[in-house]
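Hi,

Here is the structure I promised to pass on to you. Have a look at it first, then read on for what turned up in it.

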Amino acid sequence: MSPTDGSTPLLTATGLHKSFGDNHVLRGIDLTLHRGEVVVLIGPSGSGKTTVLRSLNGLETPDAGAIIASGGLRIDFSAGVTQKQRLALRDRSAMVFQHHNLFPHLTVLENVIEGPWRVQGRPKAEVIAEARGLLERVGLGERADARPHELSGGQQQRVGIVRALALRPDLLLFDEPTSSLDAELVGEVLLVIKELADEGWTMVVVTHELSFAREAADHVLFMDAGVVVEQGAPAEIFGAPREERTRRFLTRILRPLDGG
Ligand code: ADP
Ligand code: MG
């Protein structure tokens with residue numbers, strides 16, 4: 001699917017600003033997401049990546065800027081946000097966090113159906129059938145009745161992804177989905193995300209897994225200190241970065257032990 005086929009974007013954010021007290025964290029972020037597009041967001045710790053995702057998900061309210069989303073949702077943050085707008089924004093996306101945040105006392109299946117059944121109010125039988133199908137798809141069909149602690153970290157994170165999918169969002173947001181995993185478990189989670197990307201899900205992925213980014217991304221944004229320093233196709237950003245800051249960051253990520 002071409003991200004530049006001229007169709008109406010799924011979501012457009014323009015000029016997002018956010019401060020926490022004196023800390024001006026987002027300094028004018030623009031981001032356009034087309035249906036089926038995979039955007040990878042990279043950048044040093046503290047550059048504002050999580051705040052961008054949280055703003056797209058309605059968990060954080062920017063001080064200025066606008067978000068326009070499909071279905072006629074337009075939010076001008078300078079003018080203030082109604083609760084209805086915030087919830088509408090939240091409904092459009094689902095987030096997968098660094099730590100899966102599964103409920104420890106619920107089974108895998110119960111964790112997955114919680115949102116669509118109890119929060120969205122969809123029929124329980126339908127939600128269960130769909131949840132079982134999704135678990136099957138990520139290789140966890142047999143583990144529906146297990147508790148989270150009985151699963152490996154990689155399996156838990158796959159349940160976290162299924163829980164997001166079960167909400168039927170327009171947009172998936174991944175915030176460093178593999179960074180809390182042991183190295184040998186990273187691959188299985190990235191594989192699931194890559195498959196979802198290939199199926200045409202629209203997603204924003206914050207990650208330091210550059211080989212994944214190279215393979216899966218349609219578009220890469222490099223953020224530093226609250227601005228998008230550079231963006232482009234993965235081949236451009238990883239193969240021939242134009243900005244010194246991008247080059248420095250990539251060198252540091254690729255050779256972390258050199259201390260660059
Ligand atoms: P990243 O995800 O790129 O590491 P974040 O978006 O988490 O960056 O954070 C950017 C900056 O905003 C950091 O300085 C962080 O301490 C600050 N920050 C993030 N969330 C909050 C918050 N809820 N309250 C105060 N400061 C915050
Ligand atoms: Mg973060």
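**What turned up**

Let's begin with the pocket: among its lining residues, helix H3 gives the largest share, with four of them, in the largest pocket. Before you go further, keep in mind that this is a predicted model.

**The largest pocket**

How much space lies in the largest pocket? It comes to about 620 Å³. The lining of this pocket is made up of 19 residues, and those nearest its centre are Arg90, Ala94, Gly115, Val119 and Leu167. If you want to find the lining by element, look at helix H2 (83-92), strand S6 (93-96), helix H3 (108-119) and helix H5 (153-165), since each of these supplies at least two residues. As for the chemistry of the lining, eight residues are nonpolar, seven are polar and four are charged.

Gly115 deserves a second look. This glycine is part of helix H3 and is one of the residues nearest the pocket centre. Is glycine 115 buried or exposed? Its relative accessible area is 15%, and buried means under 20%, so glycine 115 is buried. Now find arginine 163: it sits 48 residues from glycine 115 in sequence, yet their C-alpha atoms are 7.7 Å apart in space.

**Ligand 1 and its shell**

Next, move over to the ligand. Which residues surround ligand 1? They are Phe20, Asn23, Val25, Pro44, Ser45, Gly46, Ser47, Gly48, Lys49, Thr50 and Thr51. Sorted by class, this shell has three nonpolar residues, seven polar ones and one charged one.

Three contacts with oxygen atoms of the ligand are good ones to click on:

- Asparagine 23 has a polar side-chain atom 3.1 Å from an oxygen atom of ligand 1.
- Glycine 46 uses its backbone instead, with a polar atom there 2.7 Å from an oxygen atom of ligand 1.
- Lysine 49 has a side-chain N or O atom 2.8 Å from an oxygen atom of ligand 1.

On its own, ligand 1 would expose 560 Å², and the protein buries 59% of that. Two elements give two or more residues to the shell, namely strand S2 (23-33) and helix H1 (49-56). H1 gives the most, with three residues.

**Helix H1**

Why is H1 described as largely enclosed by the rest of the structure? Six of its eight residues are buried, so most of the helix is covered. The buried ones are Lys49, Thr51, Val52, Leu53, Ser55 and Leu56.

Lysine 49 ties several of these points together. It belongs to H1, and its side chain reaches to 2.8 Å from an oxygen atom of ligand 1. With a relative accessibility of 5%, lysine 49 counts as buried. Valine 227 is 178 residues away from lysine 49 along the sequence, but the two C-alpha atoms are 9.8 Å apart in space.

Just after H1 you will come to glycine 58, which has a positive phi of about 75 degrees.

**Two positive phi values outside glycine**

Here is a bit of background: most residues other than glycine have a negative phi. Two residues here go the other way.

Arginine 168 has a positive phi near 50 degrees. You can find it in the loop between H5 and strand S7 (171-175). Its relative accessible area is 47%, so arginine 168 is partly exposed.

Glutamate 176 also has a positive phi, of about 45 degrees, without being a glycine. It lies in the loop between S7 and helix H6 (183-198). Which is it, buried or exposed? Glutamate 176 has 17% relative accessibility, so it counts as buried.

**Two more pairs to try**

For some practice with distances, try alanine 79, in the loop between strand S5 (73-76) and H2. Alanine 79 is exposed, at 64% relative accessible area. Its C-alpha is 9.2 Å from that of aspartate 63, and the two are 16 residues apart along the chain.

Then there is glutamate 126 in helix H4 (residues 124-137). Glutamate 126 is partly exposed, at 35% relative accessible area. Measuring from C-alpha to C-alpha, you should get 9.9 Å to isoleucine 113, which is 13 residues away in sequence.

Have fun exploring!

How values were computed. Residues are numbered from 1 along each chain as its sequence is written. Chains are lettered from A and ligands numbered from 1 in the order in which they are written. This is a predicted model: local features need pLDDT of at least 70, side-chain atom pairs count only at pLDDT 80 or more; totals for chains, interfaces and linings use all residues. Side-chain values use heavy atoms; hydrogens and water are left out. On a 1 Å grid over the protein atoms alone, a cavity is a set of points where a 1.4 Å probe fits but cannot get out, and a pocket is an open set with protein on both sides within 12 Å along at least five of seven lines; lining residues have an atom within 4 Å of a point. Grid points are joined across faces, edges and corners, and a volume is the space filled by probe spheres set on the points. Helices (H or I, at least four residues) and strands (E, at least two) are DSSP runs, numbered from the N terminus. Ala, Val, Leu, Ile, Met, Phe, Trp, Tyr, Cys and Pro count as nonpolar, Asp, Glu, Lys and Arg as charged, and the others, Gly among them, as polar. A residue is near a molecule or strand if one of its heavy atoms lies within 4 Å of it. A polar contact is a pair of N or O atoms within 3.5 Å; within protein, one must be able to donate a hydrogen and the other to accept it, and residues adjacent in sequence count only if both atoms are side-chain atoms. Accessible areas come from the Shrake-Rupley method with a 1.4 Å probe; for residues, only the protein chains shown count as cover. Buried means under 20% relative accessible area, exposed over 50%, partly exposed in between (1.4 Å probe, protein chains only).
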